[in-house]
Amino acid sequence: MLGNTKGKLINKYVPDYVLFDLETTGISCNYDEVIEISAVKVRGGKIVEEFSELVNPGRPIPYAASAVNNISDAMVADAPSFQEILPRFLEFAGNDVLAGHNIHSFDMKFLYRDCERFFQQTLTNDYVDTLKLARLCYPNLRHHRLGDMAELYGISTEGAHRALSDCRMNQQVFERLAKEPGKIGGGKTATKLCPNCGQPLMKRNGRYGEFWGCTGYPGCRYTENI
């Protein structure tokens, strides 16, 4: 939903949400464009509706991007622009909490940018980043990428890096994370939150022993003694 205030990052499980994923021409929200957006609407922990659209970015797709997501210039040649697609996604999402993997640092930045660029307003939906929750549930795991978490739970990674396949995979991961005992299930906050940015705090080891550090580092450098 559009408005004047950005939604908040929340660190808890909710049973009703819209989980989404973007594929883009690159990793910069300053220079790159969306080439695919997909989402699944979840009610009571179950997918009830899906949304998926290819997007014409108005420029050639770099080889490096196509090598990852397998989306070619030919595939998007007749696709609508993101200015046409974005209102459809916003209607699909409504006022739901949004969810996705690494969306705090990546996908939300593209949505904020383009909502402001096309409509002169921002996205007001609160959102859950499942990458943050994965790090909280498994602090000793070396990698927390979506594929890593899917493999950990025995979830198929077939079709990875296409937006709708990633949404379906991510939804299963989110539901499994919610069942981790004493973590994020039941709508309870996962752990201590940073008073500056609201992201989870995590125990870290430093020169003088353990301390609480913000998982938003390096964007947020808040620390707290244990």
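This passage walks through the main pocket of a predicted model and three places where its helices pack together.

A good place to start is the largest pocket, which holds about 840 Å³ of space. Its lining is made up of 29 residues, and the ones closest to the centre are Asp21, His101, Asn102, His161 and Asp166. Several elements each give two or more residues to this lining: strand E2 (17-24), helix H1 (63-69), helix H5 (130-137), helix H6 (146-153) and helix H7 (163-178). Strand E2 has the largest share, with 5 residues. As for the chemistry of the wall, the lining of the largest pocket splits into 11 nonpolar, 10 polar and 8 charged residues.

Two of the pocket-lining helices, H5 and H7, also pack against each other. Their axes come within 10 Å and cross at roughly 40°, which makes H5 oblique to H7. The crossing of H5 past H7 is left-handed. On the H5 side, the contact is built from Thr130, Leu133, Ala134 and Cys137, while H7 brings in Asn170, Phe174 and Leu177. Sorted by class, that comes to 5 nonpolar and 2 polar residues, with no charged ones in the contact of H5 with H7.

Helix H7 has another partner in H6, and here too the axes come within 10 Å, this time crossing at roughly 60°. Helices H6 and H7 are therefore oblique to each other, and H6 passes H7 in a left-handed crossing. From H6, the residues involved are Leu146, Met149, Ala150 and Tyr153; they meet Asp166, Met169, Asn170, Val173, Arg176 and Leu177 of H7. The contact of H6 with H7 has 7 nonpolar residues, 1 polar and 2 charged. A few names come up again at this point. Asn170 and Leu177 of H7 take part in the contact with H5 and also in the one with H6. Asp166, for its part, touches H6 from its place in H7 and is among the residues closest to the centre of the largest pocket.

The remaining pair is H3 and H4. Helix H3 covers residues 82-93 and helix H4 covers residues 107-119; they pack at an angle of about 110°, with their axes 11 Å apart. That angle means H3 and H4 are roughly perpendicular to each other. Their crossing is left-handed. Helix H3 puts Phe82, Gln83, Leu86, Pro87, Phe89 and Leu90 into the contact, and these meet Leu111, Asp114, Cys115, Phe118 and Phe119 of H4. Of the residues in the contact of H3 with H4, 9 are nonpolar, 1 is polar and 1 is charged.

Key:
Residues are numbered from 1 along each chain as its sequence is written. This is a predicted model: local features need pLDDT of at least 70, side-chain atom pairs count only at pLDDT 80 or more; totals for chains, interfaces and linings use all residues. Side-chain values use heavy atoms; hydrogens and water are left out. On a 1 Å grid over the protein atoms alone, a cavity is a set of points where a 1.4 Å probe fits but cannot get out, and a pocket is an open set with protein on both sides within 12 Å along at least five of seven lines; lining residues have an atom within 4 Å of a point. Grid points are joined across faces, edges and corners, and a volume is the space filled by probe spheres set on the points. Helices (H or I, at least four residues) and strands (E, at least two) are DSSP runs, numbered from the N terminus. Ala, Val, Leu, Ile, Met, Phe, Trp, Tyr, Cys and Pro count as nonpolar, Asp, Glu, Lys and Arg as charged, and the others, Gly among them, as polar. Axes are lines fitted to C-alpha atoms, for helices over the stretch in contact, and angles run from 0 to 180 degrees between N-to-C directions. Angles under 35 degrees count as roughly parallel, over 145 as roughly antiparallel, 65 to 115 as roughly perpendicular and the rest as oblique. A crossing is left-handed if the near helix is turned anticlockwise from the far one by less than a right angle, and right-handed if clockwise. Contact means heavy atoms within 4.5 Å.
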